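Got the model open in your viewer? Here is a short walk through it, one selection at a time.

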Amino acid sequence: TNGAWSKRFGAPLFKALHEDDRHVLSKLHTPVGDGQAEFDEQILYLAKVLVDSLNEQALTAGMADGPKGEKGLAKLQRFLESLGVSDARALLKPLAEVQGLRSLSAAHRKGSSFDITVAIGELGRREGFNKLLKAAIATLEALKVIAEKAEAEPEEA
C-alpha cells in the first residue's frame, strides 16, 4: 500500500514507525487465547500501525482545511472522497473499529458502558481480533487498488 501511495501521491499513506516503536511489528499477532490483557495489547499495536501512523500531513496537503479537530481517519476519508471514492466511510470502517476498540477497551479504564460486542459481536476475543485483522487487510488492499487506479487515470490538463 505504501509503495503504491508513494508512487501516485508522492508520499506514503503510513509514516514509518519511530525507532522506539519498531518492536510493534514483531510483537503484533493473533492473540493466543481469549484473555482481555493480550487482546488489549494487540489492539493497541494494531491501532498504532493502522491509525496512529497515518501520514496526515501528506493526506491534507493541497486540500482545504477540514473541520477543527479533524483526526487521521476523518482526513483519510475526506481525501478518498476527493478522489471520488463514494463509499470511503464504509471502506474505512475496519480501521475505525480498531480505533474505537483501542479507546473503548485498551487505552482507557473500562466502565459500565464497556461492551466489546459492539466491534466483534459474540465472537471470542481471539476470533474477533482475527475478524478485525482480516477486514483491516482487505481495507489496505482496497486502498492500494485505489492508488493504482488513480495512477492509471490520466491527469487533467
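## First stop: a glutamate in a loop

Select Glu-70, which counts as buried because its relative accessibility is 14%, under the 20% cut-off. Keep in mind as you go that this is a predicted model. Glu-70 sits in the loop between helix 4 (56-60) and helix 5 (72-82). Now show side chains around it: the side chain of Glu-70 makes a polar contact with that of Arg-78, at 2.8 Å. Setting aside neighbours within four places in sequence, Glu-70 is in contact with Lys-75 and Arg-78.

## Zoom out

Switch to cartoon for a moment. You should find nine helices and zero strands, so there is no sheet to look for, given how strands are assigned here. Colour by burial and you'll be picking out 35% of the 157 residues as buried. If you have a contact map handy, look at contacts with a separation of 6 or more: 63% of them are between residues 24 or more positions apart.

## The aromatic pairs

Next, select the Phe, Tyr and Trp rings. The structure holds four aromatic pairs. Start with Trp-5 and Phe-9: their ring centres are 4.7 Å apart and their planes meet at 50°, so this pair is tilted. Both belong to helix 1 (residues 2-9), and because they are four residues apart there, about one helical turn separates them. How does burial compare within the pair? Trp-5 is buried, with a relative accessible area of 2%, while Phe-9 is partly exposed at 25%.

Now jump to Phe-39 and Phe-129. Here the centres are 6.5 Å apart and the planes stand at 80°, so the pair is edge-to-face. This pair links distant parts of the chain, with Phe-39 in helix 3 and Phe-129 in helix 9 (residues 125-152), 90 residues apart. Phe-39 and Phe-129 are both buried.

Before leaving the rings, add Phe-79 to your selection of Trp-5 and Phe-9: ring pairs link these three into a cluster.

## A histidine beside Phe-129

Stay with Phe-129 and select His-29 too. In sequence the two are 100 residues apart, yet their C-alpha atoms are 9.4 Å from each other in space. His-29 lies in the loop between helix 2 (23-27) and helix 3 (36-52). Is it buried, exposed or in between? With a relative accessible area of 32%, His-29 is partly exposed.

Show what surrounds it: leaving out residues up to four places away in sequence, His-29 touches Glu-38, Gln-42 and Phe-129. Then look for a short distance to the backbone: the His-29 side chain reaches the backbone oxygen of Lys-27 at 2.7 Å.

## Into the core

Nonpolar side chains in soluble globular proteins tend to be buried together. To see that here, select Trp-5, Leu-13, Leu-50, Leu-76, Leu-80 and Leu-143: of the 34 residues in the largest nonpolar core, these touch the most other members. Helix 1, helix 3, helix 5, helix 6 (88-91), helix 7 (93-106) and helix 9 each supply at least two residues of this core. Which helix gives the largest share? That is helix 3, with eight residues.

For a closer look, centre on Leu-50. Not counting residues up to four places away in sequence, Leu-50 touches Phe-14, Leu-95, Ala-136 and Leu-140.

## An asparagine after helix 3

Move on to Asn-55, in the loop between helix 3 and helix 4. Asn-55 is buried, with a relative accessible area of 11%. Its side chain has a polar atom 3.0 Å from the backbone oxygen of Pro-12. Bring up its contacts and, beyond residues up to four places away in sequence, you'll see Asn-55 touching Ala-11, Pro-12, Leu-13, Phe-14 and Lys-15.

## Last stop: a pocket

Finish with a surface view. Rolling a probe the size of a water molecule over the atoms shows where empty space is left. Go to the second largest pocket, which has a volume of about 200 Å³. To find it, select Phe-9, Ala-58, Leu-59, Ala-61 and Phe-79: of its 13 lining residues, these lie nearest its centre. Helix 1, helix 4 and helix 5 each supply at least two residues of the lining. Phe-9 and Phe-79 should ring a bell, since you met them in the cluster with Trp-5.

Note on methods. Residues are numbered from 1 along each chain as its sequence is written. This is a predicted model: local features need pLDDT of at least 70, side-chain atom pairs count only at pLDDT 80 or more; totals for chains, interfaces and linings use all residues. Side-chain values use heavy atoms; hydrogens and water are left out. Buried means under 20% relative accessible area, exposed over 50%, partly exposed in between (1.4 Å probe, protein chains only). Contact means heavy atoms within 4.5 Å. A polar contact is a pair of N or O atoms within 3.5 Å; within protein, one must be able to donate a hydrogen and the other to accept it, and residues adjacent in sequence count only if both atoms are side-chain atoms. Rings of Phe, Tyr and Trp (its six-membered ring) pair if their centres lie within 6.5 Å; planes under 30 degrees apart count as stacked, over 60 as edge-to-face and the rest as tilted. A nonpolar core is a set of buried Ala, Val, Leu, Ile, Met, Phe, Trp, Tyr and Cys residues joined through side-chain atoms within 4.5 Å. On a 1 Å grid over the protein atoms alone, a cavity is a set of points where a 1.4 Å probe fits but cannot get out, and a pocket is an open set with protein on both sides within 12 Å along at least five of seven lines; lining residues have an atom within 4 Å of a point. Grid points are joined across faces, edges and corners, and a volume is the space filled by probe spheres set on the points.
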